[in-house]
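This report walks through one protein chain, from its overall make-up down to single residues. Keep the structure open while reading.

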Amino acid sequence: MSDHIIIQNLTYQYESQSEPLFQNINLHFSKGWTGIVGKNGSGKSTLAKIIAKEILPDKGSVLGNEFVCSISQGTEVSEKELTDFLYDDTKESGFWKNLLAITIQSVEDYEYLSFGEKRRILLAMALSKNSHVLILDEPTNHLDSKTEQIIRNAILFYKGIGILISHDRSLLDEIVTSCVFLEKKFFSQRPGNYSEGKKEMQREAEERIHNWEIAKTERKKLDAELKRRREEASLSHKHRSKKGLDLHDHDGRQKKNLARVTGKDGQAGRLKNQIERRTEHSLLREKEFWETLPEKENLGIVWKASCSKRNTLYWFDDKKLHLDHLSFTLSNPLEILPEAKIAITGANGSGKSTLLRHLVQTFQEKGISYLYLPQEFSKKELAVLLLEFQNFADEKKAKVLSGIHRLGSDPKRFSESESLSPGEGKKLFLALHLEESPEVILLDEPTNHLDLKSLEALESSLTTLSSALVVVSHDRRFVETLAKEEWCLENLSLVQKHLDRI
């Protein structure tokens, strides 16, 4: 089993992008868990694919990655792989099935499972392979608190080289012993968990800003000195030049010759040249510090959604709500008012997304304008989203890029992308619909795949929303910040709770 992965002088650039995503990066991964953190689009998943040999770097090398198992952010799995796993009765497979509470009996049952349940199965499949290197990309997305704890316990049992890509601060703090921080044109690897590494990164960022300010001050002083020296050199040149002297002015010409021989006036020119070289060096140094500065952030989107003039948007007063293969017992009628802020909560597989899709269908049938963000976009849907954006006129494209920028992504890198990560796809979808005025916004796990700054920007924008909002989320802080009412799904019952604000 490999004890280390060593990345040396790695450079990678997408063909569609004007500058490298990575340039001459050097990283080291040892046994235990290392976190990779950064904004959406910073290259976390790309780095994982390079380590897993799914992508070849343009330059540099990766050593120690002979046996790698990687779980991406999706839930796609081949029928053969799933069949082999379900009918694998080895001790190793049984251990992980038991630890991750896998109860599925047949391949046909897989499509009816919730996203979180599918992720648990994929993790069990990966761990049972006993690979030397395991890469997990956002393993706790879509998980309720109970399932999340099951996942955490299972991850801690893994004894190889673990690489964890996540925006989950508590998971990173509990699991990892080192962290790789990816920023635009800058990377850093720090010992310790996320919070420890983040503090060190912030200290380093402040130091880089300080160094840049010193370099900028020095360069400005040299600019002023250079200007003075140039004026002196120009005056010195006039002292030595015979231009304009009368051919018979022997005294004047003798003085000029003396000035040239003694070199007193020529010294100004030499000093000017020295200052020019120092100024060039100072400018380069300032530029080097500038390129490592933390990105300036101007986050925050604004919705144009307005409050509906209807008396009510949704009303259901039967005792049972029948949805597809699920039926919910209701203790009270369900109502969505024009200014409602509702969170739908419950365990994985309890029917949250099914209920949300039922609401979407009802609004569609009644002609009520709505915006619906699904829990996940397939690779095909992401490609369609990107193509739609690329075909926009320049003016509309600029508006969308502004929204993407205010959700924390680099507009230039985004506009040059050949494909979208799940987080970038979510940002693009939201930015595409900011100008609309739906009567109700329905969001299914909107915080999944978003980096922390983007999550906070989205949360802040929704606190001032005029229209109705219905959100499915496992993020308790997100729910308590936004919702005034909670529809809790448990044991095929729907219980309504009012969330008091103090």
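The text below covers the whole chain, one helix pair, the cavities and a handful of residues.

**Overall make-up**

The model is predicted. The chain holds 16 helices and 19 strands. It has 502 residues, and buried residues make up 50% of them. How many of the contacts join residues at least 24 apart? Taking contacts between residues at least 6 apart in sequence, the share is 70%.

**Helices H2 and H4**

Helix H2 spans residues 79-86, and helix H4 spans residues 115-128. Their axes come within 11 Å. They cross at roughly 70°. H2 is therefore roughly perpendicular to H4, since angles of 65 to 115 degrees count as such.

Which residues make the contact? H2 contributes Glu81, Leu82 and Phe85. H4 contributes Ile121, Ala124, Met125 and Ser128. By class, the residues of this contact are five nonpolar, one polar and one charged.

**Cavities**

The count comes to three cavities of 30 Å³ or more. The largest has a volume of about 50 Å³. Its lining consists of Ile71, Arg119, Leu122, Leu123, Leu136, Pro139 and Ile151. H4 supplies the largest share of that lining, with three residues. Six of the lining residues are nonpolar, none is polar and one is charged.

The second largest cavity holds about 40 Å³ of space. Gln375, Glu376, Phe377, Leu382, Pro422, Lys426 and His449 line it. Here the classes are three nonpolar, two polar and two charged.

**Two asparagines with positive phi**

Most residues other than glycine have a negative phi. Two asparagines of this chain are worth a look on that point.

Asparagine 9 has a phi near 45°, a positive value in a residue other than glycine. Asparagine 9 is found in strand E1, residues 4-12. Its relative accessible area is 44%. Asparagine 9 therefore counts as partly exposed, as it falls between the 20% and 50% limits.

Asparagine 491 has a phi near 55°, again positive in a residue other than glycine. Where does asparagine 491 lie? It sits in the loop between strand E18 (485-490) and strand E19 (493-498). Is asparagine 491 buried or exposed? At 69% relative accessibility, asparagine 491 is exposed, because the limit for that class is over 50%.

**Three residues and their partners**

The table pairs three residues with partners elsewhere in the sequence.

| Residue | Partner | Separation in sequence | C-alpha to C-alpha distance |
|---|---|---|---|
| Tryptophan 315 | Leucine 337 | 22 residues | 8.9 Å |
| Isoleucine 209 | Tryptophan 290 | 81 residues | 8.1 Å |
| Glutamate 148 | Arginine 120 | 28 residues | 9.3 Å |

Start with tryptophan 315. It lies in strand E10, residues 314-316. Tryptophan 315 is partly exposed, with a relative accessible area of 45%. Which residues does tryptophan 315 touch, not counting residues up to four places away in sequence? They are Pro333, Leu334 and Glu335. Leucine 337, the partner in the table, has its C-alpha 8.9 Å from that of tryptophan 315.

Next comes isoleucine 209. Its place is in helix H7, residues 194-240. Isoleucine 209 is partly exposed, with a relative accessible area of 32%. Tryptophan 290 is 81 residues from isoleucine 209 in sequence, but 8.1 Å from it in space, C-alpha to C-alpha.

Glutamate 148 completes the set. Helix H5, residues 145-157, contains it. Is glutamate 148 buried or exposed? Its relative accessible area is 18%. Glutamate 148 is therefore buried, because that class takes values under 20%. Glutamate 148 touches Thr140, Leu143, Asp168 and Ser170, leaving out residues up to four places away in sequence. The C-alpha atoms of glutamate 148 and arginine 120 are separated by 9.3 Å.

**In brief**

H4 appears twice in this account. It crosses H2 at roughly 70°, and it gives three residues to the lining of the largest cavity. Asparagine 9 has a positive phi within strand E1. Asparagine 491 has a positive phi in a loop.

Terms used. Residues numbered from 1 in each chain as written. Predicted model: local features only at pLDDT ≥ 70, side-chain atom pairs only at ≥ 80, totals over all residues. Heavy atoms only, no water. Axes fitted to C-alpha atoms, helices over the stretch in contact; angles between N-to-C directions. Helix = DSSP H or I, 4+ residues; strand = E, 2+ residues; numbered from the N terminus. Parallel < 35°, antiparallel > 145°, perpendicular 65-115°, else oblique. Contact = heavy atoms within 4.5 Å. Nonpolar A, V, L, I, M, F, W, Y, C, P; charged D, E, K, R; others polar. 1 Å grid on protein atoms, 1.4 Å probe; cavity = no way out; pocket = protein on both sides within 12 Å on 5 of 7 lines; lining within 4 Å. Points joined across faces, edges and corners; volume = space filled by probe spheres on them. Buried < 20%, exposed > 50% of the residue type's maximum accessible area, 1.4 Å probe, protein only.
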